[in-house]
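Trainee: I should like to work through this structure by question and answer. May we begin with individual residues and then turn to the fold as a whole?

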Amino acid sequence: AEAKGGEGYKEVIPFATRQPNVPKIAWDQKIDGWVLVAFSILPTGHVDNVRVLDASPKGVFEDNVVAAVSDWLYDPADIGGKKVKVQLTQKVFMKWKDYPNNLVQLK
């Protein structure tokens, strides 16, 4: 959808991500869940300003997801030959069986 100079949909590709640590309480109580975060990708490809929008269950996974997403690295968006800051929303799913799996996952 092009409006006021917009270029529509642009794919933003992660170079490196890591799965968040699953908290011990989630392991002990066999809790799965998810966290919806919004964040910025800077022109350098680094993540900035990670914010929690929603989570289920609340109060279990948020801190670990924010810490992991803050370490992600992306191929920055290129619009008109210039690297630009991009805003994303991502839902991160957590499985208690993954405790304490937090290895870097190169894509």
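Trainee: Does Asp28 count as buried, partly exposed or exposed, and what is its relative accessibility?

Mentor: The structure is a predicted model, and the values here are computed from it. Buried means under 20% relative accessible area and exposed means over 50%, with partly exposed in between. Asp28 therefore counts as partly exposed, at a relative accessibility of 45%.

Trainee: Which residue forms a salt bridge with Asp28?

Mentor: Asp28 lies in helix H1 (residues 24–28), and its partner lies in this helix too, four residues apart, about one turn of the helix. The closest N and O atoms of the pair are 2.9 Å apart. The partner is partly exposed, with a relative accessible area of 49%. The residue is Lys24.

Trainee: How many salt bridges does the structure hold?

Mentor: One joins Lys24 and Asp28. Another joins Asp71 and Arg18, and Lys58 forms one with Asp54. The number of salt bridges in the structure is three.

Trainee: How many residues apart in sequence are the parts that Asp71 and Arg18 tie together?

Mentor: In the salt bridge between Asp71 and Arg18, the closest N and O atoms are 3.1 Å apart. Asp71 is exposed, with a relative accessible area of 52%, whereas Arg18 counts as buried at 16% relative accessibility. Asp71 lies in the loop between H2 and strand E4 (73–75) and Arg18 in strand E1 (residues 13–18), so the parts that the pair ties together are apart in sequence by 53 residues.

Trainee: What is the distance between the closest N and O atoms in the salt bridge of Lys58 with Asp54?

Mentor: Lys58 lies in the loop between E3 and H2. Lys58 counts as exposed at 59% relative accessibility, and Asp54 as partly exposed at 30%. The side chain of Lys58 also has a polar atom 3.5 Å from the backbone oxygen of Ala55. For the salt bridge of Lys58 with Asp54, the distance between the closest N and O atoms is 2.6 Å.

Trainee: How far from Glu62 is the nearest side chain of opposite charge?

Mentor: Glu62 has its place in helix H2. Glu62 is buried yet has no salt bridge, and a salt bridge needs a nitrogen and a carboxyl oxygen within 4 Å. The nearest side chain of opposite charge belongs to Lys58, and its distance from Glu62 is 6.0 Å.

Trainee: Which backbone nitrogens does the side chain of Glu62 reach?

Mentor: A polar atom of the Glu62 side chain lies 2.9 Å from one backbone nitrogen, and the side chain reaches another at 3.1 Å. Leaving aside neighbours within four places in sequence, Glu62 is in contact with Val35, Val52, Ala55 and Pro57. The backbone nitrogens in question are those of Gly59 and Val60.

Trainee: How far apart in space are Val66 and Val52, C-alpha to C-alpha?

Mentor: Val66 is found in helix H2 and counts as partly exposed at 23% relative accessibility. Leaving aside neighbours within four places in sequence, Val66 is in contact with Val50 and Val52. Val66 and Val52 are 14 residues apart in sequence, and their C-alpha to C-alpha distance is 7.5 Å.

Trainee: Which element gives the most residues to the largest nonpolar core?

Mentor: The largest nonpolar core has 20 residues, and those with the most contacts inside it are Phe39, Phe61, Val65 and Val69. The elements that give two or more residues to this core are strand E2 (33–41), strand E3 (47–56), helix H2 (62–70) and strand E7 (86–94). With four residues, the element that gives the most is E2.

Trainee: Which tryptophan does Phe39 touch, not counting residues up to four places away in sequence?

Mentor: Phe39 is among the residues with the most contacts inside the largest nonpolar core. Its contacts include Val69, Tyr74, Val86 and Leu88. They also include the tryptophan asked for, Trp72.

Trainee: What percentage of the residues in the protein is buried?

Mentor: The protein has two helices and eight strands, which run β-α-β-β-α-β-β-β-β-β from the N terminus on. The accessible surface comes to about 6,800 Å², of which 53% belongs to carbon and sulfur atoms. Of the 107 residues in the protein, the buried ones make up 32%.

How values were computed: Residues numbered from 1 in each chain as written. Predicted model: local features only at pLDDT ≥ 70, side-chain atom pairs only at ≥ 80, totals over all residues. Heavy atoms only, no water. Core = buried A, V, L, I, M, F, W, Y, C linked by side-chain atoms within 4.5 Å. Buried < 20%, exposed > 50% of the residue type's maximum accessible area, 1.4 Å probe, protein only. Contact = heavy atoms within 4.5 Å. Areas by Shrake-Rupley, 256 points an atom, 1.4 Å probe, with all protein chains shown as cover. Lys, Arg positive; Asp, Glu negative; His and termini not counted. Polar contact = N/O pair within 3.5 Å; in protein donor to acceptor, adjacent residues only side chain to side chain.
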